[in-house]
Amino acid sequence: LQALTKALGHADIESAMASIMRAEAERAEEEQRRIEDALADEQKAEEEQRKKEEEERKQFREAMEAQRLLDKMAIEEEQAEKKKAMLKKEQQKRGDRGT
């Protein structure tokens with residue numbers, strides 16, 4: 001065992017075990033970083049999607065408000081035109097009576 005340990009480049013069994021433990025710890029840390037990076041990427045994508053959906057809802061609300069205002073303006077304009085037409089008819093009737 002000592003010969004094999006020395007052939008692998010270690011002074012003794014303890015240093016071989018320490019080297020194996022360090023390598024295992026490094027692999028575990030790398031795996032942990034990979035998992036954390038993947039989780040961070042997923043959270044970032046979810047946040048971007050949430051913001052996108054929030055912006056779409058905001059734009060939809062704004063569009064609905066703009067349409068409501070346009071509808072209101074159209075109704076007011078139509079009412080003003082009707083009133084103007086009625087006044088014109090009234091004036092014509094008065095004008096016809098006077099002659």
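## Meeting Arg 50

Let's start with one side chain: Arg 50 is partly exposed, and its relative accessible area is 37%. Please keep in mind as you look around that this is a predicted model.

Which residue meets Arg 50 at 2.5 Å, N to O? The partner is Glu 47, and the two side chains form a salt bridge. Both residues belong to helix α2, where they sit three residues apart, about one turn of the helix. Glu 47 is partly exposed as well, with a relative accessible area of 31%.

## A second partner for Arg 50

Arg 50 also forms a salt bridge with Glu 54, and here the closest N and O atoms are 2.8 Å apart. How far along helix α2 are Arg 50 and Glu 54 from each other? They are four residues apart, so about one helical turn separates them. Glu 54 has a relative accessibility of 41%, which means that this residue counts as partly exposed.

## Another pair in helix α2

Now let's move along to Glu 65 and Arg 68. These two residues form a salt bridge as well, with 2.7 Å between the closest N and O atoms. Because Glu 65 and Arg 68 are three residues apart in helix α2, about one helical turn lies between them.

Are these two residues buried, exposed or partly exposed? Glu 65 counts as partly exposed at 35% relative accessibility, and Arg 68 is partly exposed with a relative accessible area of 44%.

## How the bridges link up

Which residues are joined into one network by salt bridges that share partners? They are Glu 47, Arg 50 and Glu 54. Arg 50 bridges to Glu 47 and also to Glu 54.

In general, side chains of opposite charge can pair when their charged atoms come close. In this model, the count of salt bridges comes to seven, and the Glu 65 and Arg 68 pair is one of the bridges described here.

## A patch of negative charge

Where do Glu 53, Glu 55, Glu 56 and Glu 62 gather? They come together on the surface, in a patch of negative charge. Residues in such a patch have over 30% relative accessible area and no salt bridge.

Glu 56 is a handy one to pick out from this group. This residue lies in helix α2, which covers residues 13-98. Glu 56 is partly exposed, and its relative accessible area is 45%, so this value fits the over 30% cut-off for patches.

Conventions:
Residues are numbered from 1 along each chain as its sequence is written. This is a predicted model: local features need pLDDT of at least 70, side-chain atom pairs count only at pLDDT 80 or more; totals for chains, interfaces and linings use all residues. Side-chain values use heavy atoms; hydrogens and water are left out. Patches are made of residues with over 30% relative accessible area and no salt bridge: like charges are joined within 9 Å, nonpolar side chains (Val, Leu, Ile, Met, Phe, Trp, Tyr) within 5 Å. Accessible areas come from the Shrake-Rupley method with a 1.4 Å probe; for residues, only the protein chains shown count as cover. A salt bridge is a side-chain nitrogen of Lys or Arg within 4 Å of a carboxyl oxygen of Asp or Glu. Lys and Arg count as positive and Asp and Glu as negative; His and the chain ends are not counted. The place of a charge is taken as NZ of Lys, CZ of Arg, CG of Asp or CD of Glu. Helices (H or I, at least four residues) and strands (E, at least two) are DSSP runs, numbered from the N terminus. Buried means under 20% relative accessible area, exposed over 50%, partly exposed in between (1.4 Å probe, protein chains only).
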